[in-house]
Protein chains: 2
Amino acid sequence: MAVTMHDVAQRAGVSIKTVSNVVNGYPYIRPATRERVEAAIAELGYRVNVSARNLRTRRTGLVTLAVPELSLPYFAQLADAVMSAADAAGWTVLIEQTSASRERETEVLSGRRRHLTDGLIFSPLALGPDDIDLFTVDFPLVVLGERVFGAPADHVTMNNVAAAKAATLHLASLGRRRIAVVGAHAGQEVGSAALRTEGYRQGLAEAGLPYDPALVVEAGPWHRSTGAEAMARLLDAGVEVDAVFALNDALALGALHALHAHRVDVPGEVALMGFDDVDDARFAVPALSSVDPGRDQIAQTAVDLVLQRIGASGDPAPFRRVVPDSRIVGRESTGEDGSVVGVQPGGTELVAADLTVA
Amino acid sequence: MAVTMHDVAQRAGVSIKTVSNVVNGYPYIRPATRERVEAAIAELGYRVNVSARNLRTRRTGLVTLAVPELSLPYFAQLADAVMSAADAAGWTVLIEQTSASRERETEVLSGRRRHLTDGLIFSPLALGPDDIDLFTVDFPLVVLGERVFGAPADHVTMNNVAAAKAATLHLASLGRRRIAVVGAHAGQEVGSAALRTEGYRQGLAEAGLPYDPALVVEAGPWHRSTGAEAMARLLDAGVEVDAVFALNDALALGALHALHAHRVDVPGEVALMGFDDVDDARFAVPALSSVDPGRDQIAQTAVDLVLQRIGASGDPAPFRRVVPDSRIVGRESTGEDGSVVGVQPGGTELVAADLTVA
DNA sequence: TTGTAAGCGTTATCAT
DNA sequence: ATGATAACGCTTACAA
């Protein structure tokens, strides 16, 4: 049988309330009493029963982070950052994988595990604008990503258009004139592909470069393999290219392989820029230039927001849309040395105050 | 105020016990009663209070998985597999990152979060044979990896020596005679590097090839970058090589880059074999041959074992050491087509029965 | 097949 | 500054 507060109280010759006070750092305790209690705790090897505390306080101290897949480096690193931020605030993160399936994503919002934690940080990939009703929930929720805008919840997202525009302009500023984009999703109007492609177009326009459809390469799922295929297609088609903007780093790494295989020198003949700035980018050969969308800031902000909602009692604070600063990191693949060559400022926007968080 | 079983009972005109029975799938309930209760649950939107249940049953339904870092692809994929296996059994996984620090690894075994879950699957990297006392614990524990052998706990590990030997023999069977190994840790006697290097030596011996220290390349942390450096060192030294066995896939991927950079054809001039069979291996160009250490089986077994211990009441079952089968997957980097070219059978071993799991 | 009632180990209210 | 005591919502003997 486990040691309880009662046992400790008896041993220390105090009431159970006093033990509780000591355990929870209540300040007004006579030092002598505190010491006696602490000694008893140590002798008996007492540990608070988390379930009992949770029942009583109606809090679990846990927050869920729901992402598509941990094996995608971006999400693994995001999870890492979220856990660190939560840790620092004394909270614990429960990770949930959705495999980007509608069913699992719906379950995250209303399924069996919903009640295991006090709040949810959710990066949807299957659910989209049409599912916005599902996001109208009565618990602290922070939405990540660019699938769902306008849900009655806090939202942390990226500077997609501005960052993609800046990346394109950066390639132009290096003297590149035939800038291809890899990873477009034709016909799609929502999500990262659409936004980043739009940024690419704006960048071209501002640089005074023509928009050439032959330079826009589709790549369905944003994986290394599809990036390699897309790049090979572009090269095999004989299209003239002197720079490639891949819409994420997996695509860029795949493209890098294809360029190598075709004996195209990077950055000599073709400069290459990715997006996400995952660890792999730094370690690639040549090191990959990329857009850092502010992953750590996203994680920190998401944790701050969800904890604020959890802590908020009653007052329906307006929902916030937060966009961290993003940075362009120039490495070998664009002939640079690894320094930040551009910053796109983010910002915070207040949205509404419809929902009372219970 | 949240809906409780009491409310449901009232609404359905039954006792709280009956509601509990329905919720927990107790079979002997009159269908009519069950329907009434289910209707009430639906109308009221009732959900069980997990904390109350946990307090009463002394179970949380959670299992901790402690790994060094999610951003290492092997561990991200292991976490994925463990979560899936636990999911299938109706359990939830709480992931903990240790950053391979002694402090964090010690905390996992005895820290604040220990009591959040019913059991622990632990892959230590900092703690080693000298810390075996820390592993003598009174809760269900399954140890993973090759840092700690002989702890009073179940242990799931890999076929390191046999698999490395088979990989080496396989390269020899392809006609390679100058087989280098990348990732050795000189002077270390415990851990994956030592075991796999030993397998390499055994493989050479059995193939009748001489052991040449010039072909044994050190690489401290097993990252892509160190693999690239190590490979470059080997090539720059002008050592004759026609095959490379990298002790994990990150090293192999790094080596692949270096080989490309040196314009060495893979597999034409040099055949390359990794270890771990992470997703990246399949997507590399050329696709990387690797040793699949049975990751999914490791995950499944670890979950089975920890759940068995959690379920076991009193009887001190003997500790088991389980080694899954491992497979050699031959892909383009050894001139093959992606099929399994060798299986090293694992096995189970019973160890002792000292510890009574509470 | 269903109901009654006693805790599980905390925290919180209210005294003192 | 500390003590009694009543919940928190559920499971589980035991009864009926």
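**Two DNA strands and a few unusual residues**

Mentor: Around DNA strand D there are 25 residues, with Thr18(A), Thr33(A), Arg56(A), Arg58(A) and Tyr46(B) the closest. Sugar and phosphate make up 68% of the atoms of DNA strand D that come within 4 Å of the protein. Before you start asking, note that this is a predicted model, in which local features need pLDDT of at least 70, side-chain atom pairs count only at pLDDT 80 or more, and totals for chains, interfaces and linings use all residues. Residues are numbered from 1 along each chain as its sequence is written, chains are lettered from A and ligands numbered from 1 in the order in which they are written, and side-chain values use heavy atoms, with hydrogens and water left out.

Trainee: What makes a residue count as near a strand?

Mentor: One of its heavy atoms has to lie within 4 Å of the strand. By that rule, DNA strand C is surrounded by 28 residues, the closest being Tyr46(A), Thr18(B), Thr33(B), Arg56(B) and Arg58(B). Sugar or phosphate holds 65% of the atoms of DNA strand C within 4 Å of the protein, and bases hold the rest.

Trainee: Which atoms of DNA strand C lie 2.6 Å from the side chain of Tyr46(A) and 2.7 Å from that of Arg56(A)?

Mentor: For Tyr46(A), a phosphate oxygen is 2.6 Å from a side-chain N or O atom. For Arg56(A), a base oxygen is 2.7 Å from a polar side-chain atom. A phosphate oxygen of DNA strand C also lies 2.3 Å from an N or O atom in the side chain of Thr33(B). H2 and H4 of chain A, together with H2 and H4 of chain B, are the elements giving two or more residues to the surface near this strand. H4(A) supplies the largest share, five residues.

Trainee: How do you know that the backbone of Arg30(A) makes a polar contact with DNA strand D?

Mentor: A polar contact is a pair of N or O atoms within 3.5 Å (within protein, one must be able to donate a hydrogen and the other to accept it, and residues adjacent in sequence count only if both atoms are side-chain atoms). A backbone N or O atom of Arg30(A) is 3.1 Å from a phosphate oxygen of DNA strand D, so the pair qualifies. Asn49(B) also has a backbone N or O atom 3.1 Å from a phosphate oxygen of this strand, and a side-chain N or O atom of Ser20(B) is 3.0 Å from one.

Trainee: Why is Asp280(A) called buried?

Mentor: Buried means under 20% relative accessible area, exposed over 50%, and partly exposed in between (1.4 Å probe, protein chains only). Asp280(A) has 15%, so it is buried. Its side chain joins that of Arg224(A) in a polar contact of 3.2 Å. Asp280(A) touches Arg224(A), Leu253(A), Arg224(B) and Asp280(B) (contact means heavy atoms within 4.5 Å), not counting residues up to four places away in sequence.

Trainee: Is Arg58(B) buried or exposed, and how do you know?

Mentor: Arg58(B) has a relative accessible area of 55%, therefore it is exposed. Its phi is near 60°, a positive value in a residue other than glycine.

Trainee: What makes a positive phi worth pointing out?

Mentor: Most residues other than glycine have a negative phi, and most peptide bonds are trans. Asp277(A) has a positive phi too, about 55°, although it is not a glycine. With a relative accessible area of 10%, Asp277(A) is buried. As for peptide bonds, a cis one joins Val266(A) and Pro267(A), with omega about 5°, and a cis one joins Val266(B) and Pro267(B), also with omega about 5°.

Trainee: How do you know that E1(B) and E2(B) pair?

Mentor: Helices (H or I, at least four residues) and strands (E, at least two) are DSSP runs, numbered from the N terminus. Two strands pair if DSSP finds at least two bridges between them. E1 (residues 62–67) of chain B and E2(B) have six bridges, in the parallel sense, so they pair. Ala66(B) stands opposite Glu96(B) in E2(B).

Trainee: Why is E2 of chain B described as mostly covered?

Mentor: Six of the six residues of E2 (residues 92–97) of chain B are buried. Thr92(B), Leu94(B) and Glu96(B) lie on one side, and Val93(B), Ile95(B) and Gln97(B) on the other.
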